[in-house]
Amino acid sequence: MVTVLDRDSELRQRAWDAAAGVVDPEIPVLTIADLGVLRDVVLDGDQVEVAITPTYSGCPAMNMIALEIEIALERAGFHRPKVRTVLSPAWTTDWMSEEGRRKLTAYGIAPPQASHSRRALFGEQAVACPQCGSDKTELLSEFGSTSCKALWRCKTCREPFDYFKCH
């Protein structure tokens, strides 16, 4: 009995690790685990099913992410893996890891303000520049290079940058 549980635990961890290594095609420095998009891995015998939650409904990257998960799982030895999209509860930037936030900043994208959560949608935001760290920044456009980002500019270094919006 213990060996069956150990085997299942090891298989689940191997599947989780394979899926967790898939990167976001729009922000390739982030894995789906960094983003909090990877929600669950379930084993049913030799069948593996991965649950993912999109960053927002209609996110065009989700089809590519699902395909990349299937490929990663097949490479890890899982045959005919399934990827299931879970819409409830809705994804939130609170699910992003601290490592993911650090990666965003190093990549030049200001990470979402975790402490503001959804309240940032209703008031003034203070977004630090990922280039120089200044908080003297201004919003240029509610939409940046993708729908989940806004375009900002630093008043200190004058560089434009994306801000990953709070959801």
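1. Contacts of F164. In this predicted model, F164 touches residues from many parts of the chain. Neighbours within four places in sequence being set aside, F164 is in contact with I27, L35, W91, T93, M96, L104, I109, A110, P111, P112, C148 and K149. F164 lies in strand β7, which covers residues 160-164. F164 is also one of the residues with the most contacts inside the largest nonpolar core.

2. The largest core. This nonpolar core contains 32 residues, and V50, I52, I69, L73 and F164 are those with the most contacts inside it. At least two core residues are supplied by each of α1 (2-20), α2 (32-35), β1 (38-44), β2 (47-52) and α3. Helix α3 provides the largest share, namely seven residues.

3. A further core. Another core, of nine residues, lies apart from the one just described, and C129, A150, C154 and F161 are among its members.

4. Overall composition. The protein has four helices and seven strands. Their succession along the sequence is α-α-β-β-α-β-α-β-β-β-β. The protein consists of 167 residues, of which 41% count as buried. Among the contacts with a separation of 6 or more, 51% are between residues 24 or more positions apart.

5. The sheet of three strands. Strands β1, β2 and β3 form an open sheet in the order β1-β2-β3, and the pairing is mixed. Strands β1 and β3 are the edge strands, since each pairs on one side only. From one strand to the next, the twist averages 20 degrees. Helix α3 lies across β2 and β3, and runs at about 150 degrees to β2. The student may find it helpful to view this helix together with the core described in point 2, to which α3 contributes seven residues.

6. The hairpin of β1 and β2. These two strands run antiparallel and are joined by six bridges. The bridge partner of D44 is Q47 in β2, while L43 stands opposite V48 in β2. Two residues lie between the strands of this hairpin, and G45 takes a positive phi near 70 degrees there.

7. The sheet of four strands. A second set of strands forms an open sheet in the order β4-β7-β6-β5, again with mixed pairing. Strands β4 (109-110) and β5 (137-141) are at its edges with a single partner strand each, so one side of each has no neighbour in the sheet. Strands β5 and β6 run antiparallel and are joined by four bridges. One pairing to inspect is that of E138, whose bridge partner in β6 is R153.

8. Aromatic pairs. A pair of aromatic rings is described by two quantities, the distance of the centres and the angle of the planes. The count for this protein is two aromatic pairs. In one of them, the ring centres of W152 and Y163 are 6.1 Å apart and the planes stand at 70 degrees; the pair is therefore edge-to-face, as planes over 60 degrees apart are counted in that class. Because W152 belongs to strand β6 (residues 149-154) and Y163 to strand β7 (residues 160-164), the pair ties together parts that are eleven residues apart in sequence. Both W152 and Y163 are buried.

9. A charge over a ring. The charged end of R39 sits over the ring of W95, at 3.6 Å from the centre of that ring. W95 should not be confused with W91, which is listed among the contacts of F164.

10. Backbone features in the loops. The peptide bond from S88 to P89 is cis, and its omega is near 0 degrees. P89 lies in the loop between β3 (82-85) and α4 (98-107). Two arginines also deserve attention. R80 has a phi near 50 degrees, which is a positive value in a residue other than glycine. R80 is found in the loop between α3 (61-75) and β3. With a relative accessible area of 66%, R80 is exposed, the cut-off for that class being over 50%. R158 likewise has a positive phi, near 70 degrees, and is a residue other than glycine. The position of R158 is in the loop between β6 and β7, the strands that hold W152 and Y163 respectively.

Terms used: Residues are numbered from 1 along each chain as its sequence is written. This is a predicted model: local features need pLDDT of at least 70, side-chain atom pairs count only at pLDDT 80 or more; totals for chains, interfaces and linings use all residues. Side-chain values use heavy atoms; hydrogens and water are left out. Rings of Phe, Tyr and Trp (its six-membered ring) pair if their centres lie within 6.5 Å; planes under 30 degrees apart count as stacked, over 60 as edge-to-face and the rest as tilted. Buried means under 20% relative accessible area, exposed over 50%, partly exposed in between (1.4 Å probe, protein chains only). A charge sits over a ring if NZ of Lys or CZ of Arg is within 6 Å of the ring centre and within 35 degrees of the ring normal. A nonpolar core is a set of buried Ala, Val, Leu, Ile, Met, Phe, Trp, Tyr and Cys residues joined through side-chain atoms within 4.5 Å. Contact means heavy atoms within 4.5 Å. Two strands pair if DSSP finds at least two bridges between them. Axes are lines fitted to C-alpha atoms, for helices over the stretch in contact, and angles run from 0 to 180 degrees between N-to-C directions.
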